[in-house]
Amino acid sequence: MDTATYIGRLSDGRTAATSAVTVALGATGLDIAGAAEPQSWNYTKLEAAAPLRWHDNEALLRTGQYPGATLFIADPGFAAAILKRSPQLSPGAHRWRFAMPGLAITALLALGIGAIYLFGFNPAQQLAGLLPHRVRAAIGEQAAASLAGGHQTCTAPEGVKALNTLVAELSAATLSGKAFEVRVVRWDLVNAFAVPGEQIVVSGGLINEAQSADEVAGVLAHEMGHGIELHPEAGIIRSLGLSALIELLASGQSSTLTNAGSLLLQLRYSREAEHQADVHALEILKTANISPKPFSGFFSRLLKREGGATKSVAPGDLGIFSTHPPTPERAAMAAAAATYPGRPALSEADWQALKHICG
Amino acid sequence: MAFTNDLRSRSPIPSPPRPSQGEPVAITWSGATWGLAGLGLVNFLLTVITVGVYHFWAKTEVRRRIMSSVRINGEPLEYTGTGTELFLGFLIVFVLILLPILIALYTAQIFLGVWGALAVLPINLLIFYLYGVALFRARRYRRSRLRWRGVRGAMVGSSWAYGWHALWSSILLPFTLMFLWPWRDNFLHAKLMRAGRFGDKPFGFAGGSGPLYPRYTLVFLLTFLALALIGGLGGVIVFRTVKPLFDAMQQAKAQGVTIDWNSPEMAIFKPLIWTATAMGVGLYAALLLAVMLIWSFYRTRVMTYFATQTTLDQATFGLRPSGWGLFWVTFSGLLLSIFTLTILSPVAEARVARYLVRRMTVTGTVDFAGIVQSAQTLSKTGEGLAEAFDVDTSSSFILSI
């Protein structure tokens, strides 16, 4: 048994006064004498605000037995002696005890995010479903306006009539009870975008590039697929939610690293979304009795092109060729679905009218 | 292992009334600065692994180490905060304040379109207000978690009221061409200081802003001088390098000639453009450095003056003037932190703390036995607002006691 005794200062925590005490290393705890009454501080109940290291010249201890009391011992040998008896005071034990909640929280978060990935939970989509149509339509208006930038909507009356005929047909074929609104804007690029609230924006360039109404029908059906699945709404909620989550994790300090990560996550969702939209497109075309072969041909034609016309506008904009160009797989899938002859999506006259919708 | 006969034994339970027995106070530093490098590395690694969640625990451990290096009459301060408290505080603020603000901003943009931009103004005002509230609450949290001989610090008063004072006084600033600044510094510091307690004893603060004005005026003029000088230099550079290029381009356009940037004629412009860019970046850095230098001149005056106006019981504090010392230790600490990707930022903090503690003086006495433990209840969560709004809580942290 260690018979060393040490000089210390004891405060009871009720005032800032101290009294000099002698501290002995007893069998089960520190025996403190010299204060109003002798105290015994159990080794296992000792605490310290800052961890104790072997080479420390002083020690400042507390105990749960006497809340508020502090014992200060300015003696080089004491730290080493007490660490043998109270290992919970060491830096390692300290850090583990205090960091445990933090590490546990991270593990929980990782598990939660992992579950979302693995089981394909889609919280953003669930939330999107809760939004009333009025809200979604308002968001869609803003999104369409900002997407179209300064580009004017094409308003040739014959063309608009033909477009609306096609859109009504396809909307009915979605069997979803939703009525879609489509507008064509005077824009060179070859693309189409689904925005929230069952609205679609098609570029004049795409109408020019298309060689038949069936091709345009395929594109529209694809965008309607996005609309049915609420991809545009979910996309917005997701980007809002991701940036909020990252802000939370980085505790208010965002960096390019976390922004890049958020972007990547959104891209990943986009690929799933595109596949779902493709599947819907083929179903819609089948219900409307329009052949998907021209649609597949459209993909193949654009595959052969170099950059330029398939330029994307912004990531996650759910344009047909947004964050990823048309792949041979998508063309093949559409071709494989061409198991029926189908009928023309529009009459020749209507198709010509649509072709000239932008004058 | 020494045995001394200490005759100054005193009963720990005071019995009123009793004559005041003041003791002199000595504040010293006894701890590592560069020794915190190891802690910095561990913190960095754990923070990266946990994608930032560990940040709250890392911050807490650094505070514990630094505060326990500060000695009052040989006995160390204790910081008893925990990372969990900081985390919970942040979480609460995130859900109750940040998220609603984000949603409000977004909804404004969606439904009001262009007019949505106008909604940004009141929201920014709200955020600015919350900034002041956050400062007060962060100080209150930290003071309540600091103990010496078991007695806690505290802060009385309302954080909401303080936030309001911080807001209206800052709105007045541009209307006084920024000359209200020292008055505002003094006004807000007085509020924070007088709200502070050690146990049940309040801190006193007698300061006025008059003594700050000479130094402030000087600094104000120097800033203008720096801006003018560096702006002038910048202008000369632009004139010398970019203008000939611009003229050449105009000439070519007038003659209908397209410029071939790879031709030998254009080759003379390339080194000019490089030099101009380099000098531009250099000037900008020089401007930043100059402004930091000039303003630290003012801030050291503020710190030393405020310290001499602070009292506790019968003691008055002081801070020995430092010249460039304080600026250097802060600036070098900043560089240290940046170049090691914040691995060595605990070291930087500790260096500043040590510098300030070593220059702190206390004249007069404090009757420690007469200071009774603070009766304030401890809040369970800390600094959420300060974390969320990135309120600067570290560099002169040691003086925010």
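The following questions and answers look at how terms such as buried, core and perpendicular apply to this predicted model.

User: How do you know which residue and chain a label such as Ala69(A) refers to, and what is required of a predicted model?

Analyst: Residues are numbered from 1 along each chain as its sequence is written, while chains are lettered from A and ligands numbered from 1 in the order in which they are written. As this is a predicted model, local features need pLDDT of at least 70 and side-chain atom pairs count only at pLDDT 80 or more, whereas totals for chains, interfaces and linings use all residues.

User: What makes Ala69(A) count as buried or exposed?

Analyst: A residue is buried if 20 or more other C-beta atoms, placed from the backbone, lie within 10 Å of its own, exposed if 12 or fewer, and partly exposed in between. Ala69(A) has 21 C-beta neighbours inside 10 Å and therefore counts as buried. Ala69(A) lies in the loop between strand S6 (59-63) and strand S7 (70-73) of chain A, where helices (H or I, at least four residues) and strands (E, at least two) are DSSP runs numbered from the N terminus.

User: What does Ala69(A) touch?

Analyst: Two residues are in contact if their C-beta atoms, placed from the backbone, lie within 7 Å. Leaving aside residues up to four places away in sequence, Ala69(A) touches Leu10(A), Ser11(A), Asp12(A), Gly13(A), Arg62(A), Thr63(A) and, from chain B, Gly150(B).

User: Why is Phe224(B) called buried or exposed, and where is Phe224(B) found?

Analyst: Phe224(B) is found in helix H7 (residues 213-254) of chain B, and with 9 other C-beta atoms within 10 Å it is exposed, because that count falls in the range of 12 or fewer. The C-alpha atoms of Phe224(B) and Val291(B) are separated by 9.7 Å, although these residues are 67 residues apart along the chain.

User: What makes Tyr305(B) buried or exposed, and which residues does Tyr305(B) touch?

Analyst: With 21 C-beta neighbours inside 10 Å, Tyr305(B) counts as buried. Tyr305(B) lies in helix H9 (residues 269-308) of chain B and, not counting residues up to four places away in sequence, touches Gly207(B), Pro211(B) and Leu212(B).

User: What is notable about phi of Glu198(A) and of Asn289(A), and how is each of them classed?

Analyst: Most residues other than glycine have a negative phi. Glu198(A), by contrast, has a positive phi near 55°, and Asn289(A), which is not a glycine either, has a positive phi of about 60°. Glu198(A), in the loop between strand S9 (192-195) and strand S10 (199-203) of chain A, is buried, with 24 other C-beta atoms within 10 Å. Asn289(A), in the loop between helix H9 (256-287) and H10 of chain A, has 13 C-beta neighbours inside 10 Å and therefore counts as partly exposed.

User: Why are H7(A) and H10(A) called parallel or perpendicular?

Analyst: Helix H7 (residues 213-228) and helix H10 (residues 293-304) of chain A pack at an angle of about 85°, with their axes 8 Å apart; axes are lines fitted to C-alpha atoms, for helices over the stretch in contact, and angles run from 0 to 180 degrees between N-to-C directions. Angles under 35 degrees count as roughly parallel, over 145 as roughly antiparallel, 65 to 115 as roughly perpendicular and the rest as oblique, so H7(A) and H10(A) are roughly perpendicular to each other. The contact is made by Asp214(A), Glu215(A) and Gly218(A) of H7(A) and by Pro294(A), Phe295(A) and Phe298(A) of H10(A).

User: What makes a set of residues a nonpolar core, and which residues touch the most other members of the largest one?

Analyst: A nonpolar core is a set of buried Ala, Val, Leu, Ile, Met, Phe, Trp, Tyr and Cys residues joined through C-beta atoms within 7 Å. The largest has 66 residues, of which Ala16(A), Ile32(A), Ala48(A), Ala59(A), Leu71(A) and Ile73(A) touch the most other members. Its largest share, seven residues, comes from helix H11 (residues 345-359) of chain B. Apart from this core lies another, of 57 residues, including Val182(A) and Leu285(A).

User: How many residues does each chain have, and what share of them is buried?

Analyst: Chain A has 359 residues, of which buried residues make up 39%, and chain B has 401 residues, of which buried residues make up 33%. Chain A contains twelve helices and ten strands, while chain B contains twelve helices and twelve strands.
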